[in-house]
Amino acid sequence: RNTEKPIAKQNIDTSSGILMPFYDFDTKLLFLAGKGDGNIRYYEMVDEKPYIHYVADYKSSTPQLGMAMRPKTACDIASCEVASFLKVSNNMIEPIHFTVPRKSE
């Protein structure tokens, strides 16, 4: 691909914090966590225009200092969990789980 110009642009946020990107190749989901922010935004990446689709936000009032994506073996597939993270804040490490709804729900 030509890396001279972007194939898509998306306004993410107006905060000045550093973005911590995490990409899941299996689900094609891009998770963006901002350092000092409590929210995690996630997008689906596709091969056709517009290439990026907003999915949802995880909202929290506790700002994260750091994040780590856990391996797929840590996901609870029985509850349709697709991604699992560890969120580091001032005084704790909090697990965060992302699930997809079942078709019948």
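How many residues does the hairpin that joins β6 to β7 pass through? The hairpin linking these two strands runs through 4 residues. The structure described here is a predicted model, and this report considers its strands, a surface patch and two individual positions.

## Strand β6 and its partners

Strand β6 covers residues 81-88, and 6 of its 8 residues are buried, so the strand is largely enclosed by the rest of the structure. Strand β7, formed by residues 93-99, runs antiparallel to β6 and is joined to it by 7 bridges. Within this pairing, Leu-86 has Pro-95 of β7 as its bridge partner.

Strand β6 also pairs with β5, again in the antiparallel sense, over 4 bridges. Here Met-67 is matched with Lys-87 of β6 as its bridge partner.

## A nonpolar patch on the surface

Leu-65, Leu-86, Val-88 and Ile-93 together make a nonpolar surface patch of about 320 Å². Of these residues, Leu-86 also takes part in the bridge to Pro-95.

Leu-65 is located in the loop between β4 and β5. Its relative accessible area is 44%, and because this value falls between the 20% and 50% limits, Leu-65 counts as partly exposed.

## Gln-64, a buried loop residue

Gln-64 is placed in the loop between β4 (52-58) and β5 (66-69). Is this residue buried or exposed? Gln-64 has a relative accessible area of 0%, which is under the 20% cut-off, and therefore it is buried.

The side chain of Gln-64 reaches the backbone oxygen of Asp-37 at 3.0 Å. When residues up to four places away in sequence are not counted, Gln-64 touches a series of residues that includes Ala-33, Gly-34, Lys-35, Gly-36, Asp-37, Gly-38, Asn-39 and Ile-40. Met-20, Lys-87 and Val-88 are also among the residues it touches. Val-88 is, in addition, one of the residues that make the nonpolar patch, while Lys-87 is the bridge partner of Met-67.

## Ala-8, ahead of the first strand

Ala-8 belongs to the segment before β1 (19-24). With a relative accessibility of 34%, Ala-8 is classed as partly exposed.

Which residues does Ala-8 contact, leaving aside its neighbours within four places in sequence? They are Pro-50 and Tyr-51. The C-alpha atom of Ala-8 is separated by 8.2 Å from that of Lys-49, a residue 41 residues apart from it along the chain.

Definitions and conventions: Residues numbered from 1 in each chain as written. Predicted model: local features only at pLDDT ≥ 70, side-chain atom pairs only at ≥ 80, totals over all residues. Heavy atoms only, no water. Buried < 20%, exposed > 50% of the residue type's maximum accessible area, 1.4 Å probe, protein only. Polar contact = N/O pair within 3.5 Å; in protein donor to acceptor, adjacent residues only side chain to side chain. Contact = heavy atoms within 4.5 Å. Patch = residues over 30% accessible without salt bridge, like charges linked within 9 Å, V, L, I, M, F, W, Y side chains within 5 Å. Areas by Shrake-Rupley, 256 points an atom, 1.4 Å probe, with all protein chains shown as cover. Salt bridge = Lys/Arg side-chain N within 4 Å of Asp/Glu carboxyl O. Pairing = 2+ DSSP bridges.
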